[in-house]
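Colleague: Got a minute to walk me through this one? I'd like to go through the surface and then the sheets.

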Amino acid sequence: MVPIVTCRTLSAGRRAWNTLIKESLQNFFFCDVFSLRVALLEKSESKFFGREVMPLSQDCPLYALHQGQSPDQESVGFRTKRSGASSGTRPKNRKEFLHKFVDSEILTRKLEDWYESISEKSACKNPVFDVPFELIELQKFDYALEGVPFQQLIRMPNAVYASTSDAVEATAYLAIEDFLHASVKGLWEAFWSQDEPMPFSVACLHGASLKFYQAEKAIANGKLGGLCAIGIMMNSRHSHGRWDHILELALLRPDLRSVAVESDQQPSASVLGEALFFAVRMLLSRSLSRLNGIQDSNCVFVLLIDSQYGGVVKVEGDISKLECDVDNIYESAAEWIKKHSRISVSPIDRIWNKLGNANWGDIGALQVLFATFHCIMQFVGIPKHSIEDLAADHGSRLQTRRVERQLGDTSVNGGGLFRFQQHSVSPEIVEVQEEAIKLESEELLKLEVGSVLWLEDSNWQKGYQINEVVSDGELPYYVASPVEDPGKALFLYVGSLPSQLEPAWEDMNLWYQVQRQTKILTIMRQKGLSSRYLPQLSASGRMIHPGHCRRPNSGGNCEHPWCGTSILVASPVGETVANMVSAGRFGFDEAIRCCHDCLSALSTAASAGIRHGDIRPENVIRVSSGVRDPYFVIIGWGHAILEERDRPAMNLHFSSTYALQEGKLCSASDAESLVYLLYFSCGGVVPDLDSVEGALHWRETSWSRRLIQQKLGDVSTVLKAFADYVDSLCGTPYPMDYDIWLRRLRRNIHEEDHGKEIDTSG
């Protein structure tokens, strides 16, 4: 119901009338603005439900509504975003709290004892705080940025802080402003749009007024001494910026260089305290904001930068739990930081070299860019081109560089899988004749059919003979037999060679296939997960290379290119669904059995909190050798999700909608991917997808038009019903009911196999 705003007497005057309207707008939530406009009569004086009403003046907050325009919502003090930021005592207190929360030094002093305490408690474990980004995430992001041309920087920070002159400080602010502008512009054009203008700007923050100015204007107006930070923010008509428009803040602190050496690459208590102060201000401002599009508004990033080094501070927490005691502002903020926030701090690493040039590919700049990427995503949503899309070209770029540097052929059948040409390094630029390049026999190492590979575990050695080279669509792996049991078939996976090009940035796909999958299968064994539809770990360890190993006693590898290569051996062995579909051997009976067996495997894994994250035809095999009734097994568990920070693989055709949108899995994500697998394997039209945006559009269209349900309905009514069930769960927190669908699918297997007995374990 819309409240009636009237003035009983004309004698109250126009000012009292306008004040009354302001108070009414602050204390009521109008469900329908146009209902209120009906009450605003165009006549200068009229009757409203028998009461006299004052005419509207142009300075009245409702005058714009009366004219069909939007009022100045700041002037009337109400919010349009959500009820949590609407009027009331708590938001008013929070606004007053923010207004008085202006001194970072007081907050830092309140946090000194806490910082010392946690530092002492974690003395045996360095660093004090967790890192905001895993190395794996940064590696994948680095692959995505390989083809991104960042703008050439002209102004650069002074590499030496020996001088504290205004000229040096001004140069630093101008250079870092350029660096942040080039960063956000490069990321926007690479991931979001090259055609649309960048909706962000960069400005410097004045510490006393907490207002933003362009660096050149601030320096020209004599405000250089008061500058304390640089911010990336949404473009706005406000001349001095708005705090709720800030994506990210960068604090310029000249002492970071010494801190990086003396404090295990962690910021000092004073620098961290200032970063936390600005983080709390940003969170408070966002909680009072009218912006609708901010995603994950409970997370902010603050950069720490000097002329050579940089780091990232990430602060997460529900700011609504902050007790806005306006009489004890800094005590309240400190308590919130101690009890309700989660702080992550990256190591302080080099961003600029000694000449002042930005090293875009170094880990220091990479973690700053990754933080900026997350900040952009908070304000404008998921990018058109995902990290996985851009990183997918890494292999071809690496191959091109290998060819350019004459590092040999790396094709599976063209001269062997692993082939190396090692060149001596010379300080001079010399011309190398191609015919002068000779490969020593010991360097021409191959894995092909008939090759024998030896595996070293903690206390034994075991040999495997390669019988077949297969592929998961991206990477090769092998069907092998133990030397002592030639009749037994196993899958054998070989990791990246430690001596390969760019050893610090190994191909992450191989890492997921071998090392991560080894970890997942080991956890499954430790948790006692037993199902015929899950793979079993047979062996894992390091490869034993030919010749004498000169590996040092302290660990590491010797000079042989194979030394230290990780190996995984798993069972059972079967034919992938991808191969079955290509050969026309995936029929309706196989579709129902595949759905049952995969669902059983997912159910067993989910009982231990493990989700697959990469369901596709190459990761499902049909086991038929040595069994009466063939069955399906899900393999390829390298991208499995164990905890919140893990991320699934991204596949435009098979990833779930939630995975493409959020980079995470919901309870039904694996089942949704299974539905896509069945749809395409049973003859569904394969769309030509080249972006995440296109993949999401195809999913929305296919589900809304029921194209997927109709296609699976041609196979079996139970598959159609299963697709409907998965569609109802997509993106929701509700758990999958595996048991009921396993029973229904099992009944259909019995019916279609005419009562043939099957093993329904799992």
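Colleague: Which residues make the nonpolar surface patch of about 260 Å²?

Modeller: Val-452, Trp-454 and Val-483 make that patch. Bear in mind that this is a predicted model.

Colleague: Where is Trp-454 found, and is it buried or exposed?

Modeller: Trp-454 belongs to strand S11, which covers residues 452-456. Trp-454 is in between, namely partly exposed, because its relative accessible area is 39% and buried would need under 20%.

Colleague: OK, and what kind of sheet has S11 in it?

Modeller: A closed barrel of 6 strands, with antiparallel pairing. Going round, the order is S11-S12-S13-S14-S16-S15. On average, neighbouring strands in this sheet are turned by 45 degrees against each other, ignoring direction.

Colleague: How many bridges are there between S12 and S13?

Modeller: There are 7, linking S12 (residues 461-471) and S13 (residues 476-482) in the antiparallel sense. To find your way there, look at Ile-466, which stands opposite Ala-480 in S13.

Colleague: Which strands does helix H16 lie across?

Modeller: H16 (residues 508-526) lies across S13, S14 (490-494), S15 (536-544) and S16 (566-571). The helix runs at about 55 degrees to S16.

Colleague: Switching topic: what is the strand order in the open sheet of 3 strands?

Modeller: That one goes S17-S18-S19, with antiparallel pairing.

Colleague: Why is one side of S17 and of S19 left without a neighbour in the sheet?

Modeller: Because S17 (575-576) and S19 (631-634) stand at the edges, and each has a single partner strand. For S17, 2 bridges make the antiparallel link to S18 (residues 620-623). Glu-575 stands opposite Arg-622 in S18.

Colleague: Which helix lies across S18 and S19?

Modeller: That's H18, residues 588-606, running at about 45 degrees to S19.

Colleague: Last topic, strand S6. How many of the residues of S6 are buried?

Modeller: 7 of the 7, so S6 (residues 246-252) is largely enclosed by the rest of the structure.

Colleague: In which sense does S6 pair with S5, and in which with S7?

Modeller: With S5 (residues 227-234), S6 pairs in the antiparallel sense over 5 bridges. With S7 (residues 299-305), the pairing is parallel, over 4 bridges.

Colleague: And what are the bridge partners of Ile-232 and Ala-250?

Modeller: Ile-232 has Glu-248 in S6 as its bridge partner, and Ala-250 has Leu-303 in S7.

Terms used
Residues numbered from 1 in each chain as written. Predicted model: local features only at pLDDT ≥ 70, side-chain atom pairs only at ≥ 80, totals over all residues. Heavy atoms only, no water. Pairing = 2+ DSSP bridges. Contact = heavy atoms within 4.5 Å. Axes fitted to C-alpha atoms, helices over the stretch in contact; angles between N-to-C directions. Patch = residues over 30% accessible without salt bridge, like charges linked within 9 Å, V, L, I, M, F, W, Y side chains within 5 Å. Areas by Shrake-Rupley, 256 points an atom, 1.4 Å probe, with all protein chains shown as cover. Salt bridge = Lys/Arg side-chain N within 4 Å of Asp/Glu carboxyl O. Buried < 20%, exposed > 50% of the residue type's maximum accessible area, 1.4 Å probe, protein only.
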